[in-house]
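Colleague: I am new to this structure and should like to understand the terms used to describe it. May I put some questions to you?

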Amino acid sequence: MGFFSKVKKWWSKDDDQQPTTTQEVEPSAPPTEEPAPSEPTDAAPPAGLPPIVPDQEQIQPQPEDQPQVQPQDQPEWQAQVLQALRGAEPKLSVWLEHTLAGVETPGNELWDRLRFLFQALQAPADEAEEFISKFRIWLEDMGYEQVAEFRSELQYRLALALDLEDEEDERDRLFLKLSEGLNKTREQLTKRIDALLSAHRKFDDPFWEELEEVLIMADVGHQSAGKLLDRLKARVRKEKIEESEAFREMLRQELAAIFPEPKSVAVPQGPEIVLVVGVNGVGKTTTIAKLAHRAQMQGRKVLVAAGDTFRAAAIEQLGIWAKRTGADFFTKGEGADPAAVAYEAVDAALKGGHDVVFLDTAGRLHTKVDLMDELRKIKRVLGKKLPGAPHRCLLVLDATTGQNALSQTKLFNEAVTVDEIILTKLDGTSKGGIVVAIALEHNMPISFIGLGEKMEDLRPFSGEDFAKALVN
Ligand SMILES: Nc1nc2c(ncn2[C@@H]2O[C@H](COP(=O)(O)OP(=O)(O)OP(=O)(O)O)[C@@H](O)[C@H]2O)c(=O)[nH]1
């Protein structure tokens, strides 16, 4: 899908549909003090601008028979930007660079430039205004004053709205962040494997024994290392691999192959109910916010529900994040029964016409209540309220915690059957080996990875990119 269809789908929702005002649903309406977005000034470039076609076609010069743009009609920057866009590589980062050239701070010129880009993409003006208005509200809330501070968030939002996240451009950005996070593991692993390959002339038992030790030291774990070695030995034998580089390439391929793809969720009708579990401190709240942000940017109406009712601070933090993403927020306050929150959040979503509900849950074993029993109860209640719910159960794990993450996976999976894992803090000194262990031990898909504290720092996980970042 291109920008137009995505924007069509995204902005065609009737945003006046506020959720029914049940006493708990707190629709996070935009702050009233926000000045109305400036009316389009002379930014709207003349009709007939050559469309920027996202699917890798170069921008064609305007055919002679089309009404030529009269230079005197345009402010000076438009002719320059138009010229630059015409010859630019069809990459979002390049389009943005040309469109924002010379603009350092938010203000009317920035909004006019964005309008100009949207016009070049043939986005309907009202939808473009809606995008700009939502971005302005977010910007006011964040208090950023320099374009450099929010440029990556702007590019991320455009990538989602333009359905361009898979573009090489975005993937390169993601790969860079992932590689930085895996630096430590990669150095350990690559250095040791290189030493092994140069010390051993052939792939004999002593080689495999030492490789097993290297994997275990890289947090892959004993059992997973054994499974991975079996796969490597079989391929070395079958393909008669002898060269070091061929071995490294095979290792990358086998590492990439151990990650199952997340299963696509068929949500028959009504809201998709997503249960989010994980121990405290792993980044659950932040991850829910990032997921809500993505869903919003992709045109879905989102409700975030505060199922962690043990701590007022957790409810408050989630509420702040929900407001920041523009999602609606559901809470029954501190001390409420988490299962009741789950039940009534589904109710509110059904009444509010929400497309997806992210239900946060407690992350700590509290004295009187066993957390796993509580999660099982929540899951039962959801299924009673909406057959098939929860449609997805996401386990949030902190990639820097090493073996703990493995035991948490087992614990939560036994309690609620985890469908997907989201690995956070891969931008930190993450223990890349644990990622391999989780995939091999539980054969569980990793859907997203957290690469920082900002809204845009949640990106789809790619086993191939991960393997390349781990072994170079
Ligand atoms: N660097 C980095 N920090 C992250 C990431 N995800 C979350 N964090 C930070 O980790 C800390 C904990 O995040 P929370 O979302 O509050 O974690 P939580 O699991 O909700 O923890 P509780 O609020 O105690 O339940 C915060 O400072 C986040 O900003 C990530 O991907 N990278």
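Modeller: Thr 417 sits in the loop between helix 16 (403-416) and strand 7 (420-424). This is a predicted model in which local features need pLDDT of at least 70, side-chain atom pairs count only at pLDDT 80 or more, and totals for chains, interfaces and linings use all residues. Residues are numbered from 1 along each chain as its sequence is written, and side-chain values use heavy atoms, without hydrogens or water.

Colleague: What makes a stretch a helix or a strand, and what is phi of Thr 417?

Modeller: Helices (H or I, at least four residues) and strands (E, at least two) are DSSP runs, numbered from the N terminus. Phi of Thr 417 is near 55°, a positive value in a residue other than glycine.

Colleague: Why is the peptide bond from Ala 389 to Pro 390 called cis?

Modeller: That bond has omega near 0°. Pro 390 belongs to the loop between helix 15 (371-385) and strand 6 (392-398).

Colleague: How do you know which residues are around the ligand?

Modeller: A residue is near a molecule if one of its heavy atoms lies within 4 Å of it. There are 18 residues around the ligand, with Gly 281, Thr 285, Thr 286, Asp 427 and Glu 453 coming nearest.

Colleague: What makes the pair formed by Glu 453 and the ligand a polar contact?

Modeller: A polar contact is a pair of N or O atoms within 3.5 Å; within protein, one must be able to donate a hydrogen and the other to accept it, and residues adjacent in sequence count only if both atoms are side-chain atoms. An N or O atom in the side chain of Glu 453 is 2.4 Å from a ligand oxygen atom, so the pair falls within the cut-off. For Gly 450, a backbone N or O atom lies 3.4 Å from an oxygen atom of the ligand.

Colleague: How do you know how far to trust the chain, and what is its average pLDDT?

Modeller: pLDDT is the predictor's confidence in each residue, from 0 to 100. The protein chain averages 81, and 82% of the residues score at least 70. Over residues 1-51, however, the pLDDT is below 50, although this stretch has 113 contacts (heavy atoms within 4.5 Å) beyond near neighbours in sequence. Residues 53-71 also have a pLDDT below 50, with 29 such contacts. Where pLDDT is low, the predicted coordinates should not be read in detail.

Colleague: Which scores does the predictor give the complex?

Modeller: The complex receives an ipTM of 0.97 and a pTM of 0.79.
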